[in-house]
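Good morning, and thank you for coming. Please look at the structure on the screen while I speak.

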Amino acid sequence: MKKWYRALLCMAVGFLLFSCLSEQEKAEQIVRHLIRKNEKVFHYYYRQEGLAYWEATTHNTTSAYDRLVKLELDFREQKGTHSNKDFLPERMNFVPDKIFTEEHDFQLIKKIRASGLVKDSMLSRQLDGLYHDYMDGLIESGKFNDLVATEVRIYQEHFGFRVQLDGKSYTANQIDSLRRAVNDPDLPRRIFEGRRMLGVRIEADIRRLVSLRNEFARMMGYANYYELSLEKEDENVDQVFEILHETERRTRDRYFEAKREIDRMIAKRYGIDTSEIMPWHYFDDQFSLHPVDFSSQLDKLVNGSNVVEIARTYFNQAGLSVDQVLDRSDLSARKGKAQGAYLIPVDRDDIRLVGDIQNNFQGLESIMRLCGFASTYVYVSDKTPLLLYDPHYMISAGVGLLCKDLTTNIAWLQSVVNIAPGDMAKYKLLVNHASQIDKLFKCRELVVKAEFERALYENPDQDLSKLWWKLNQQYLGVKIPAYISKYDWASIRVTSLLTCNSQNQLLADIFAQQLRHALQKRFPEKITNACCWASNPQLGTFLRKNLFRYGNYLTWNELIKRATGEELTPDYYVEYLLTDDI
C-alpha cells in the first residue's frame, strides 16, 4: 500500500513540476526525452549499417547488400518502439509513458519544430535531425520496403559494374590505364558503348526510385524529393543555383579558351580533325580534360613513391593524424571490390576509407583528398551529440580538396618527392596548368549534373537522355552523338546513384579556395612556404578549433563564416581559375 501511495505521490509531483515549467522548458524537455529514447537505437543501427556497407563495398557480396536492406527495414520498425521507463528529465521524477507514444512522436516533433519554442541551439539542431529521421516512418510499409530494396539494388549494380571489351572485364582504373596506353581513336567509343550497359541494367530502377521518393516528398509537403534533400542539408535551391550559375558565367570564356587548346591536342593524338572529336575522346569516362601527356609526365614525379605513406606523414606533421583511419582502410585493388574512393563512418572511433590507390599522381591526389575528408570526422568533439556527428558534406569535401590541391604546389611536391632543380620550373607550370584545366572542366561538369538531378526530380517522365546531352552541349561544348540511347543518362555515376549532391561537390571546391585564401592571411609565412606549412601543427589546431569539432552542430554557412570570416563566395574560386600566375 505504501509503495502504491509513493508511486501515486511521485506521479502527482511529476505532473505538478511539469505544469510549472514554461512552454519553452516543456518543449525542450520533450525533445531531450525523444533524443534519449532514440539515441541507443540510432547508434546501434548506424554502426551496423556502416559495417554492412563496408562488407558490401569491399567484397560486393549479395548477402551484404541483403543485410543492408534488412537493417534499414529493422531500423524503421525499431524507432520509437523501445521503453520509456528510463525517462528522467531534469527536475522531474516521473512522466507517464503515454505522454510519448510511437504513433504521436512524429506529429509531436513536427509541432514543436514549427512552434519555434526550442531556443537551445544544439537542441534545435537535434530536433531538425529527429524530424528528418522520423519522416521514414510515415511511408506505407510495402512502399518503404520497395524503396529501400530498389536503392540498394542500384548501388550493387553500380559498384559491381565492369566494362566488357573483347571478352575481358575492366575496372575503372584499368580502363584509364588502357586509354593512356592506346591511341586508337575508336577505343574511347567502344568504352562508352560498354558503359551504356550499366544504364540498361538500372534505368528502370532509377525512374522507379525517383517516383517513390517524389511521392514521399509530396506527402510531406515538398514539391519533390530534390527540394527535401537540399533542405536536410540546410540548403536553399535558389541560393545554391545562384552561386553555381554565377561561377559558371564568370569562368565561361576561360573554359572555352582552354577547351580549344585541349581539342587540338586530342585531335593530334588520335589523328583526327577537331570537328570529329566526340564526348568519348576526352580522357576518362567522366570526360576529364586532363591530356594523356599531362598525366604521364605527372606520374613520373611519384615514380617509386608510396603515396599512402606520403599522405600519412603530411597529416601527422600538420597535427591531423589519420593513422587509425589508414590502418583500418582497404586501399588496394582486388577482384570483386566496389569501384570508387570514399569514406565509411562505422563509429566515432572507427572511420574507414575504401579505394584503389595506385602509386601514381592520380593516386596521390586521391589519398590526399580522402585523408582530408576523413580528418573532418576524426576530430569532431566528443561533446557533439550523435545526431550532429556527421559533418556537412560540403565542409568535409572542401577540406579534402584543399589537401588534394597541395599536389599542385610545387614547393610541397618538392618536399615529398624528388624533383631535380632543373625540372622545377617545368613541373610548376605543368601542375598549375593541369589543376586549372581540371577545375575549369569539373566546374561545368558539376553544373551539368546538378541541373540534371534537379530536372530529373522535377519531371522524371521526360526524355532524360535528350536532356543530358543538351546540358552537356550547353555547358561543356561537347558534340551530341548521332545516336542517343535512352540509357545514356543512367550510365553516369552521379546521375545513376541519385545522391542529390552534385551541387555540393562544386560548392566544396569553391569553399576550398575560400579557405585557402583565409589560411594564407592567417599563416602568411607558413602557407606560402609549403614545406613549413606541412610540418606546422598550428594549421591542424586552427582547423580542429574552427571547423572540425562542431560536426553538424552549426550550419555549413555558419562554419564557413567562422573559419574564413565571410559567407560562401565564388570570388576566390573564380580568381584561381582566371589567373595567369598560379
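I begin with one residue, Trp468, which is buried, with a relative accessible area of 3%. Please keep in mind that what you see is a predicted model. The partner of Trp468 is Phe452, which is likewise buried, at a relative accessible area of 0%. How are the rings of Phe452 and Trp468 arranged? Their centres are 5.5 Å apart and their planes stand at 85°, so the pair is edge-to-face. Phe452 belongs to helix 17, while Trp468 belongs to helix 18, residues 464-476, and the two residues are 16 apart in the chain.

In general, two numbers describe a pair of aromatic rings: the distance between the centres and the angle between the planes. The count of aromatic pairs in this model comes to 19. Another of them is formed by Phe106 and Tyr131, with ring centres 5.4 Å apart and planes at 20°, so this pair is stacked. Phe106 lies in helix 4, residues 102-115, and Tyr131 in helix 5, residues 121-135, so that the pair links distant parts of the chain, 25 residues apart. Phe106 is buried, with 4% relative accessible area, and Tyr131 is also buried, with 5%. There is an aromatic cluster as well, formed by Tyr225, Tyr226, Phe241 and Tyr457.

Let me return to helix 17. This helix covers residues 424-458, and its axis comes within 7 Å of the axis of helix 20, residues 502-522; the two axes cross at roughly 145°. The crossing is left-handed. Which residues make the contact between helix 17 and helix 20? From helix 17 come Lys439, Cys443, Leu446, Val447, Lys449, Ala450 and Glu453, and from helix 20 come Ser502, Gln503, Gln505, Leu506, Asp509 and Gln513. By type, the residues of this contact comprise 5 nonpolar, 4 polar and 4 charged.

Next, the cysteines. A disulfide is a covalent bond between the sulfur atoms of two cysteines. How many disulfides does the structure hold? The number is 0. Take Cys371 as an example: the nearest cysteine sulfur is that of Cys403, at 8.4 Å. A disulfide would require the two sulfur atoms to be within 2.5 Å, so this pair does not qualify. Cys371 is buried, at 0% relative accessible area, and Cys403 also counts as buried, at 7%.

Now consider Leu364, which is found in helix 14, residues 361-378. Is Leu364 buried or exposed? Leu364 is buried, with a relative accessible area of 0%. Beyond its neighbours within four places in sequence, Leu364 is in contact with Val302, Val307, Ile310, Gln358, Thr407, Trp412 and Leu413. Val302 is 62 residues away from Leu364 along the chain, yet their C-alpha atoms are separated by 8.1 Å.

Finally, the chain as a whole. The protein chain has 25 helices and 4 strands. Of its 582 residues, 54% are buried. Among contacts between residues at least 6 apart in sequence, 76% join residues at least 24 apart. The contact between Leu364 and Val302 is an example that you can find on the screen. Thank you for your attention.

Note on methods:
Residues numbered from 1 in each chain as written. Predicted model: local features only at pLDDT ≥ 70, side-chain atom pairs only at ≥ 80, totals over all residues. Heavy atoms only, no water. Buried < 20%, exposed > 50% of the residue type's maximum accessible area, 1.4 Å probe, protein only. Axes fitted to C-alpha atoms, helices over the stretch in contact; angles between N-to-C directions. Left-handed = near helix turned anticlockwise from the far one by under 90°. Contact = heavy atoms within 4.5 Å. Nonpolar A, V, L, I, M, F, W, Y, C, P; charged D, E, K, R; others polar. Phe/Tyr/Trp six-rings, centres within 6.5 Å; stacked < 30°, edge-to-face > 60°.
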